[in-house]
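Work through the exercises below with the model open. Each one sets a task, then solves it step by step.

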Amino acid sequence: MRAIRVASAALLTASLLTLTVPPASAAVTGEENNDITSFGFRVTPSTIAAGGQVTLGVDSCDGDTKITSGVFDDAHIPRGQSSTTAQVFWDAKPGAMYEVTFDCKGEIGKTDLTIATGRDGGQGRPEHHRPEHSAHKGVKAGTGGSLGGLDAQEIALGSALILGAIGAAYYKARRRTGEDNS
């Protein structure tokens, strides 16, 4: 019986931990968005700061491609080319997700573009606000994996949930032990 209580407490704690971890971001392509098209399409990066520049790409389109979204001006990839760039509007809402539509000869593919919440490390700033060495920086390392994007409030909430689950499990186990000794 004790093993069942311990396993239940462990499962509850693991469930709470899962709910506090933010989802991993992945590159957005037509296949990952479950849009089945005869052509491939992508937005790189899939998360960008307001004012930043994205690369819009298309593969295997036998004609011109028109790209539309509510977060940048309409773009156009001529036949024979595979990509173009677009600048995200400066007033794009941080944390918002915008749909990007690719139209290849009437065939439509859609994917999403997310606006960063301010933890972008300088990406998307106007040229006069960027540090001169920012173009030569390497990968940001040492942030602890998934903890790199968490703020103090998120960490405190996650800790409170875990401590609450552990405290409840301990209380139940001690109370049950007291009943068994009677």
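**Exercise 1. Find the bridge partner of methionine 97 in strand 9, then describe how strand 8 and strand 9 pair.**

Step 1. Methionine 97 has threonine 114 as its bridge partner in strand 9. Strands here are DSSP runs of E with at least two residues, helices are runs of H or I with at least four, and both are numbered from the N terminus.

Step 2. Strand 8 and strand 9 run antiparallel and share eight bridges. Two strands count as paired if DSSP finds at least two bridges between them.

Step 3. Look at the turn. The hairpin of strand 8 and strand 9 has two residues between the strands, and lysine 105 takes a positive phi near 50° there.

Step 4. Check the accessibility. Lysine 105 is exposed, because its relative accessibility is 61%. The classes are buried (under 20% relative accessible area), exposed (over 50%) and partly exposed (in between), with a 1.4 Å probe and protein chains only.

A note on the source: this is a predicted model, where local features need pLDDT of at least 70, side-chain atom pairs count only at pLDDT 80 or more, and totals for chains, interfaces and linings use all residues. Residues are numbered from 1 along each chain as its sequence is written, and side-chain values use heavy atoms, with hydrogens and water left out.

**Exercise 2. Map the partners of strand 5 and the two faces it presents.**

Step 1. Take strand 6. It runs antiparallel to strand 5, and three bridges join them. A hairpin of five residues links the two strands. Within this pairing, isoleucine 67 stands opposite alanine 75.

Step 2. Take strand 8. It is also antiparallel to strand 5, with five bridges. Serine 69 has valine 100 as its bridge partner. Threonine 68 stands opposite threonine 101.

Step 3. Sort the side chains. Thr65, Ile67 and Ser69 point to one face and are buried. Lys66 and Thr68 point to the other face and are not buried.

**Exercise 3. Which residues have the most contacts inside the largest nonpolar core?**

Step 1. Define the set. A nonpolar core collects buried Ala, Val, Leu, Ile, Met, Phe, Trp, Tyr and Cys residues joined through side-chain atoms within 4.5 Å.

Step 2. Read off the members. The largest core has 22 residues. Those with the most contacts inside it are Val54, Leu56, Ile67, Phe72, Val88, Phe102 and Leu113.

Step 3. Assign the suppliers. Strand 2, strand 4, strand 6, strand 8 and strand 9 each give at least two residues to this core.

Step 4. Zoom in on one member. Leaving out residues up to four places away in sequence, isoleucine 67 touches Leu56, Phe72, Asp74, Ala75, Ile77, Thr84, Val100, Thr101 and Phe102. A contact means heavy atoms within 4.5 Å.

**Exercise 4. What is the handedness of the disulfide, and which parts does it tie together?**

Step 1. Locate the bond. The structure holds one disulfide (a pair of cysteine sulfur atoms within 2.5 Å). It joins cysteine 61 to cysteine 104, with an S to S distance of 1.9 Å.

Step 2. Use the torsion. About the S-S bond of cysteine 61 and cysteine 104 it is about 105°, so the disulfide is right-handed.

Step 3. Place the ends. Cysteine 61 sits in the loop between strand 4 and strand 5 and cysteine 104 in strand 8, so the pair ties together parts that are 43 residues apart in sequence. Both cysteine 61 and cysteine 104 are buried.

**Exercise 5. Inspect the backbone at proline 45 and serine 60.**

Step 1. Start with omega. The peptide bond from threonine 44 to proline 45 is cis, with omega near -10°. Proline 45 lies in the loop between strand 2 (40–44) and strand 3 (47–48).

Step 2. Go on to phi. Serine 60 is not a glycine, yet its phi is positive, near 65°. Serine 60 belongs to the loop between strand 4 (53–59) and strand 5 (65–69). Its relative accessibility is 59%, so serine 60 counts as exposed.

**Exercise 6. Summarize the whole chain: how many helices and strands does the protein have?**

Step 1. Count the elements. There are two helices and nine strands. Along the sequence they follow the pattern α-β-β-β-β-β-β-β-β-β-α.

Step 2. Add the burial. Of the 182 residues in the protein, 26% are buried.
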